[in-house]
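Here are some short questions about how a structure is described. Each reply sets a value against a cut-off.

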Amino acid sequence: MPVTKHETFALQSENDIVQARQQVRKWAIAIGLGLVDQTKIVTAASELARNTVIYGGGGEIRLEELVEERRRGLRLVFEDKGPGIADLQLALKDGYTSGSGMGLGLGGAKRLSNEFDIVSEPGKGTRIMITRWK
Ligand SMILES: Nc1ncnc2c1ncn2[C@@H]1O[C@H](COP(=O)(O)OP(=O)(O)OP(=O)(O)O)[C@@H](O)[C@H]1O
Ligand SMILES: [Mg+2]
């Protein structure tokens, strides 16, 4: 699937999360996502970016513009070299948190995306990919 444009931004601070949200909104508009889909992917991005900073100890977000013959999409890849997630099924469960959150971020991000993929290895880090198609 052709990636026609991509860019990577650091996720280390609260300000980086704000910047990432703004970039995702900008790219979503450029790709032609409607207002509802823009908000869905921005909300998902916000949750995943916050997890990257809080639990992953910081990392990065890569934005990819996807162009197929019949559709366009926005893919976001969040990557950190933090502690990883030992039990993915548990982490995805609504209400589970190892910190002081609500435990709704991962499940929410999955529901707001058309595609969702996590690769995480304890001690190595976490990589989460989401895609929203137009
Ligand atoms: N990048 C990550 N690295 C390590 N652990 C993670 C990462 N992202 C999520 N987790 C683990 O998965 C759990 C669930 O994440 P989720 O975003 O659903 O909830 P939360 O961040 O705890 O609360 P909320 O997002 O509702 O404020 C986290 O509490 C944490 O243990
Ligand atoms: Mg969270």
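A polar contact is a pair of N or O atoms within 3.5 Å. The model here is predicted.

Q: What makes the approach of ligand 1 to the backbone of Gly 105 a polar contact?
A: An oxygen atom of ligand 1 is 3.1 Å from a polar backbone atom of Gly 105. The cut-off is within 3.5 Å, so this pair counts.

Q: How do you know that the side chain of Thr 97 makes a polar contact with ligand 1?
A: A polar side-chain atom of Thr 97 lies 2.5 Å from an oxygen atom of the ligand. That is within 3.5 Å, so the pair counts.

Q: What makes Glu 47 a polar partner of ligand 1?
A: An N or O atom in the side chain of Glu 47 is 3.3 Å from an oxygen atom of ligand 1. Within 3.5 Å is the test, so this pair passes.

Q: How much of the accessible area of ligand 1 does the protein cover?
A: On its own, ligand 1 has 590 Å² of accessible area, and the protein covers 89% of that. Helix H2 (35-54) and helix H4 (105-111) each give two or more residues to the shell around ligand 1. The space that ligand 1 takes is the largest pocket.

Q: Why is Ser 120 called buried?
A: Its relative accessible area is 17%. Buried means under 20%, so Ser 120 qualifies. Ser 120 lies in strand S4 (residues 115-121).

Q: How do you know that the side chains of Ser 120 and Thr 126 share a polar contact?
A: The contact that joins them is 3.0 Å. The limit is within 3.5 Å, so it counts.

Note on methods. Residues are numbered from 1 along each chain as its sequence is written. Chains are lettered from A and ligands numbered from 1 in the order in which they are written. This is a predicted model: local features need pLDDT of at least 70, side-chain atom pairs count only at pLDDT 80 or more; totals for chains, interfaces and linings use all residues. Side-chain values use heavy atoms; hydrogens and water are left out. Helices (H or I, at least four residues) and strands (E, at least two) are DSSP runs, numbered from the N terminus. Buried means under 20% relative accessible area, exposed over 50%, partly exposed in between (1.4 Å probe, protein chains only). A polar contact is a pair of N or O atoms within 3.5 Å; within protein, one must be able to donate a hydrogen and the other to accept it, and residues adjacent in sequence count only if both atoms are side-chain atoms. Accessible areas come from the Shrake-Rupley method with a 1.4 Å probe; for residues, only the protein chains shown count as cover. On a 1 Å grid over the protein atoms alone, a cavity is a set of points where a 1.4 Å probe fits but cannot get out, and a pocket is an open set with protein on both sides within 12 Å along at least five of seven lines; lining residues have an atom within 4 Å of a point. A molecule sits in a cavity or pocket if more than half of its atoms lie within 2 Å of its grid points.
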